[in-house]
Amino acid sequence: MTRPLLLAVCFASLTAAEAAAPAEVTARSPLVAALAPPAGAWSEQPGKSADRAADRTRITAAGAKLIGTLKTAKDGPSEPAQRAIAALVEALASKAKPTRPDALDPVFARRAVRGGALRGLGADAAAGEVEKAVADSARFLPIVALAGPDGALLEERRDAFGAGGWVLGGSRSAYAIEHSVAQFNDMPQLILAVELPPKSDPAKDAGKALSAALSADGTVIATWTAKDGKLTADLAGWRGAVREPRGRGLARDLLPPHLILAGLDGDPLRLSTLNGDVIPPRSAKPAETDRFVAEAAKALPDAAHLDLIGQHLFRYVYDSPDPRFPTVIGSIEVKGEVHQTAAQTLAATTGGQCRGDCDDLAELYQTVAEKQGRLGHLLILPSHTAFAAARKDGQEWVVEVMQTGPTMAFRAATVPEALRAAHANFDAAAPFSPDHLGLLLRFSGENTRGPFGLGWRIFAEPEYARIMIDVQRDWQYQTYARAIAKMEKLIAGGDRDPANLHELAALYQTTGQWALAVKEFRGNLAALEDPVSKIEVQMELAAVLRRDGKSDEARKELAEVAASLPPLAPKLGQGTARLGMRLSLAQLAADDAEGARKTLMATAFGPLAQMTAQVLNMVSQKNFDRASWTGDGRFAAVRGLLQGYIGCLIAHLDKAGPLAATDPTLMNARKVVDAWLARIAFLEAETPAEALPIYAIAARIHTLDIPTDELAKAVEAAKPATDGKHDHMTRKLAPAAESRESDLSWIRLSPAWWHGEVNRALRAGKVEEEEDGIRPLDPARIDKARVAAAAKGAADALAACKALGLTGQMLEQPVHFAQLTAAIIAGDDKALRERLRHVKKQNDKRLRDFTAITLGSLAATCDAKAWQGVLKAWADEVDYKPKWFSIAWTAVIAGAPANGLATARMAATRFKDDASFAEEAAFMEQLLGKKK
C-alpha cells in the first residue's frame, strides 16, 4: 500500500494542494511532518513559556502531607506499605527514566495516581490533593505556537514533565505524538498522528478519534479508522520498519502490525490489530472485565498478538507488602506477594494500563486463552511464573511461554521435550521431570495461588487436565478420601500413567498409609522412563521408608540412586549438581554421612566449587554492580545453585562434628562457607532489613565452632546493633572468633534466629541424629521457659528493628510463628487468639497456611482438653474452611491421631452442608481405627 493512499484514508479532508507545508515548518519535528499541516504562510506567535517547576513542587508537598496523614490513619496501611507508598509518591515529581526493568516508571506512577491508586488507604482527602496536583501537572500548555493559512494553528503542547506532542487546530483538528513502545521487546520509535472531528480539543477528545496513522521515518506503515474498527497495514511494509524480534527461544511473528491509539498524555485508549480492536477496561465493573476479555480473545488470536497486552496495556510493578491493601504498588525495597485474579488486575486499570507482576500477567493471559478455547496453565519457573500452552504444529509440538518478558516458544517432537526445553531456557541447572511439573492453581478465592505438581498430559488432554485439577482441589481442602477414590478409579480403568501412580502414592503418604505409599511408589518407578523422574521418585520412596521406620531399606534405595546418578551426568548436564546435593542431604538425614560425602564429591563438588570461585572473583572486582546480583535475571540460576551448595556444605560440616576440623575435604568446605558469608551472602539483601534473616544463617555457621547454647548466651549478652543503614557488605573475611563477635549484635536483631531458638527449645536436651521432623514432639522434653524467653526475644528484636526503620514481612512473620508456638506451649488462650486475629486480619494465604500447619504440628504437645481450646480459638477467630483438615492431617502425621480426629469431627460438624467433609471425617475414623 502506498503512502498517498494511506494518508488519503487517514486524512480524508486534505486536498492534493494541501499535502505539504513549507519545509521550515515540517522540519521542526517529525511529529509536525506526520500531521501534514496545510501549505501556505506560517509565522511563529509570541508566547511566554510556562515555568512548570511549581507544579512539581506542589506534587512533592501534597505527597509529604499524604505520607504524614497515613502515619495516623486508623487501620491504615502497615509501615512497610507506607514506605512503598512513599516510594510511589517520591517518583511522582521525577523526570528520571527507570534504570532497571523492575524499577517504577515515574510516567506510569503519575498515570496510576491520576486513576485513583492512592484512594482507599484511609486518607482520601490527602490522597485527593496529590491526585489533583498530578492532574494539574498533566495540563498541556503550548511552548511553541505557529499561525498558518485560513486560521490554522500549530502548537507544541507539553505537560510539566515534557510529555505531549504537536497539535493542529483550525479547519482540522489533529495531533501527533510518539507511539507507545513495547515493554519487553525492542521496538523503534514510531509516530502516531490522530485525526479528530473539527474543533475538537486534542487534550480531551482523543476518544472521539476518526482515524489514525502510524509512521516510521516519514512513511506511513499502518492506519486505523473508527468506521472500520480495525487496522489496515501491509505486512512487508510493517516488517520493514518494525523488525520481528529474533533470539534464542523467542516466539515467531512477535510485534505483529498494531497501533496503540493514545491521547496527548500517552494513555492507551485502544489496541488495534488486523483482527479488530481492544479497548482497555473503563471501570472496575465485572461487565467491563468480560468485555475486555471477549475483545482480546477475538482481536488477539495467537500468542504473538496476545503478547501485545503485556507490551502495551500492562505495566510491571511489585506486589503490595500489605495483603489488606492489595492495590498498593510495592517497590524494589518493600514488596509482598499477592496473586491477583485477572478481574482484579483489569479492575486496577488506570490510564489504559493495568498493573501487576509475573503471576498477574500470566493469569490474565490464561483467562483470555481460555476464552479462546485454548488449554494452558501457570507454570512455576525459577523465581518466575509464566503462562504456558502447548499446540500441535505439523509434526511438532510447540510450547509457548508468555511472561513479563518476551514471549517464548519451544519446539520438539513431543510435549515433554518441548516443556523440557522451556524449563532449560530459564534454568539449565534445574532438574526437569515431565511427570512432576510445578504449577500454580487457585482455589477458594485466596490471595495467592498454591503450588501443585502434575504430569505433562495436562497440557495436551483437556479432559485429563480437568480430572487432575479436580484432584488438586481435594488437595487444597485436604479432602483426601475423595482424591484417593478418584485416582484409584482412574488407575483401575487402565490409565497407569506414571504421574497418576505418583499422585496416588503421594496421597497415601500424606495420610500416613506408609505401606500403600511404598507399594505405589515402587509401581511408579517401574512405569517410569525419564531418568530424573526415577531419581526423584526413588528419593521420595526412601523418605517414606524412613518415616515407616525402615531406615536400612531407605539407605539402600539412596545408595542405588547414588550409584546411578554419575553415569547420567552427560545427559542431565548441570542438573546433576542439584540432584546430587538433594541426594547427599537425603543420605545425611538417613544417617549415612560417609555415603552423603561420596555423593557430593562425585556429583556437585567439582562444578560448584569452580562456580563458587568464579562468583567470588566476580564480586570482588571494583566495577562489580551489586544491584545486578538480584536485579539481573541471568544470575537467578547461579544464585539458586550457590545457596543450595552452601546449605549442603553447612549440613555436612554440622553432621561431621569434630571431624570437620581434621578432614581435608571438610576443611576446604568450611573455607568456602566462610568466604560465601563474608563476600556473597549479603548481596541477597536489597535493603538493610533483608540482611537480618541472613544473620540467622550466620549463626548456624558459628555453631559449627561453639555449642548452640553457648552461642545463645553470647547473643543474649550482646548489645543490639544501632545502625539501621549499616552496609552489611563491608564485613571482612576474618577468623571464626572475630567474625562471630562482630555478628552477635546483628544476630540479636534477627527475628528469624529467635524463631529458630523457639523451635530448638521444643526438643531440649540431647538431640538425636535422626531428629529431623520424623519423630513426634515429646512434651516432656519441651523447655517451656526457653520457648517463652525466645518468643519474647523475637518480639523485642522486631521492636528494635522498627526503631531503626527496618521493617518487612521477612521480619514480622518469624515473630508471629514464635509467639504462636509459645502461646500453644504455655496454654495462653489470650495470646493464641491475638495471633489468630492477626491471621484473619492479614487474609494472606501463606500466613494462614503455615499457621494451620503450625497448629497441627504442635498437636502432640496438647492433651485433649487443651487441644479443644486451640480448636475453639481457631473456630472463633479464623474458621477458614479449607484449612480445617490441614490441621487435622498434620496433627495425625505429627503423632497426635486423637487430636487430629477431634479436629476432623469438629470440621464435619461445622460444615454439615459439605458432604466431602463428612466423608473425610469418616475416612479418618476408619483409617485411624485400623491403626489402633
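Begin by selecting valine 317, which lies in the loop between β13 (314–316) and α11 (342–347). Helices (H or I, at least four residues) and strands (E, at least two) are DSSP runs, numbered from the N terminus. The model is a predicted one, in which local features need pLDDT of at least 70 and side-chain atom pairs count only at pLDDT 80 or more, while totals for chains, interfaces and linings use all residues. Residues are numbered from 1 along each chain as its sequence is written, and side-chain values use heavy atoms, with hydrogens and water left out.

**Around valine 317**

Valine 317 is buried at 6% relative accessibility; buried means under 20% relative accessible area, exposed over 50%, and partly exposed in between (1.4 Å probe, protein chains only). Next, display the residues in contact with valine 317, where contact means heavy atoms within 4.5 Å. Leaving aside neighbours within four places in sequence, these are Leu104, Phe108, Ile329, Arg355, Gly356 and Asp357. Then add alanine 109, which is 208 residues from valine 317 in sequence but 9.9 Å away in space, C-alpha to C-alpha.

**Helix α6**

Alanine 109 is one of the buried residues of α6, alongside Pro106, Phe108, Arg110, Arg111, Ala112 and Val113. Select the whole helix, residues 106–114: seven of its nine residues are buried, so α6 is largely enclosed by the rest of the structure. Which elements do the buried residues of α6 pack against? They pack against α5 (79–92), α7 (124–137), β13 and β14 (354–356).

**Charges over rings**

Select lysine 335 and tyrosine 318. The charged end of lysine 335 sits over the ring of tyrosine 318, 5.0 Å from its centre. A charge sits over a ring if NZ of Lys or CZ of Arg is within 6 Å of the ring centre and within 35 degrees of the ring normal. A further example is found at lysine 881, whose charged end sits over the ring of phenylalanine 917 at 5.3 Å from the ring centre.

**Serine 620 and helix α27**

Move to serine 620, in helix α23 (residues 605–620). Serine 620 is partly exposed, with a relative accessible area of 44%. Its C-alpha atom is separated by 7.8 Å from that of arginine 679, although the two residues are 59 apart along the chain.

Now turn to the aromatic rings. A search of the whole structure finds 11 aromatic pairs. Phenylalanine 682 and tyrosine 695 form a tilted pair, 4.8 Å centre to centre with 45° between the planes. Rings of Phe, Tyr and Trp (its six-membered ring) pair if their centres lie within 6.5 Å; planes under 30 degrees apart count as stacked, over 60 as edge-to-face and the rest as tilted. Phenylalanine 682 lies in the loop between α26 (664–679) and α27 (692–702), and tyrosine 695 in α27, so the pair ties together parts that are 13 residues apart in sequence. Are these two rings in buried or exposed residues? Phenylalanine 682 is buried at 3% relative accessible area, and tyrosine 695 is buried at 2%.

Select α27 as a whole: eight of its 11 residues are buried. They are Leu692, Ile694, Tyr695, Ala696, Ala698, Ala699, Ile701 and His702.

**Helices α32, α34 and α36**

Select α32 (residues 809–826) and α34 (residues 845–857), whose axes come within 11 Å and cross at roughly 30°. That makes α32 roughly parallel to α34, a description used for angles under 35 degrees, with over 145 counted as roughly antiparallel, 65 to 115 as roughly perpendicular and the rest as oblique. Axes are lines fitted to C-alpha atoms, for helices over the stretch in contact, and angles run from 0 to 180 degrees between N-to-C directions. Residues making the contact include Phe817 and Leu820 of α32 and Phe850 and Thr854 of α34.

Keep α34 selected and add α36 (884–893). The axes of α34 and α36 come within 7 Å and cross at roughly 35°. The contact is made by Ala852, Ile853, Leu855, Gly856 and Ser857 of α34 and Ser886, Ile887, Thr890 and Ala891 of α36.

**Two loops with positive phi**

Most residues other than glycine have a negative phi. Asparagine 843, in the loop between α33 (829–842) and α34, has a positive phi near 50°. Asparagine 843 is partly exposed at 45% relative accessibility. Finally, select aspartate 879, in the loop between α35 (864–877) and α36; its phi is also positive, near 50°, and aspartate 879 is partly exposed at 25%.
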